[in-house]
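Reader: Could you take a close look at a single part of this model, the surroundings of the ligand, and then place that part within the fold?

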Amino acid sequence: MATTHKEWANQVLRRIDPAFRHRWVVYSDEVKNHLNPETIWIDCGCGDNEAVRAFGVQANCAAGLDIQEPLTGGGNFVKGDIKRLPFASGCADLITLRFVVEHFPEVEAYFSEIDRVLRKNGKVIILTTNILSPLIFLPRLVLPYPIKNWILSRLFKVDSAEIFPTFHQLNSPGKFAKGIKNLHLQHLEFISDLNYTRKWVFRILLFWHILTRPAFLHKFRTNILAVLEKR
Ligand SMILES: C[S@@+](CC[C@H](N)C(=O)[O-])C[C@H]1O[C@@H](n2cnc3c(N)ncnc32)[C@H](O)[C@@H]1O
């Protein structure tokens with residue numbers, strides 16, 4: 001019987017690393033754990049606003065914000081720039097950024113706004129790329145952006161318009177550990193991206209995942225999940 005790449009990848013993972021959780025699952029569980037009927041949640045750089053559509057009902061109020069209109073409708077959406085958030089100071093309990101901070105050309109101006117809009121003891125959840133991983137920093141070192149964009153769009157079968165320029169200004173565990181403005185690191189986790197769009201890409205990513213199995217090598221995995229608290 002023919003299996004999809006996803007089923008095939010999950011079968012391989014069940015044998016090799018049954019405890020493995022895909023990055024979307026780890027991130028979504030973290031977001032859901034921070035939602036309750038009182039939470040005011042803003043998903044910054046929401047893209048298609050999937051997260052708010054999926055879990056927004058668990059919050060008091062949830063909105064996705066992006067500089068571009070989502071492709072599909074639904075969910076509470078606000079068009080805006082993270083550098084000039086159209087929200088009152090101290091209004092949000094939770095701000096999430098999934099694959100957004102790597103696109104910030106500089107950290108200060110963006111996080112001043114996030115810091116302003118977040119209430120005291122509010123949380124920021126970030127999922128992003130880890131520049132310590134050779135799978136992230138090598139392509140960045142050797143490939144000019146248009147070529148990297150072309151390769152990534154074909155490898156992962158996404159439209160090249162969906163691949164935004166990356167700057168990696170905040171993308172190392174050391175930078176998160178230092179904190180940003182009034183935001184202090186509460187939790188940091190390294191996650192392997194095991195993308196199964198192509199079987200050979202999955203095999204390379206799996207090889208790297210296995211190689212980085214010892215805890216002291218986790219910091220070379222491709223993705224970082226960080227939770228920060230405003231103090
Ligand atoms: C790689 S996409 C991630 C989308 C979504 N968070 C997800 O995980 O599917 C990055 C998103 O950040 C948005 N973005 C980048 N800079 C932004 C800014 N200054 N203000 C608002 N949105 C921004 C882009 O428009 C894009 O939708």
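Author: Around the ligand stand 14 residues, the closest being Gly45, Gly47, Ile67, Ile82 and Arg98, where a residue is near a molecule if its C-beta atom, placed from the backbone, lies within 6 Å of it. This shell divides into six nonpolar, four polar and four charged residues, with Ala, Val, Leu, Ile, Met, Phe, Trp, Tyr, Cys and Pro counted as nonpolar, Asp, Glu, Lys and Arg as charged, and the others, Gly among them, as polar. The model is predicted, and local features need pLDDT of at least 70, side-chain atom pairs count only at pLDDT 80 or more, while totals for chains, interfaces and linings use all residues. Residues are numbered from 1 along each chain as its sequence is written.

As for the fold, the protein has eight helices and seven strands, taken as DSSP runs numbered from the N terminus (helices H or I, at least four residues; strands E, at least two). An open sheet of seven strands, with mixed pairing, follows the order β3-β2-β1-β4-β5-β7-β6, two strands being paired if DSSP finds at least two bridges between them. Because β3 (77-79) and β6 (183-191) stand at the edges with a single partner strand each, one side of each is left without a neighbour in the sheet. Strand β6 runs antiparallel to β7 (residues 223-230), to which eight bridges join it, and leucine 185 stands opposite leucine 228 in β7.
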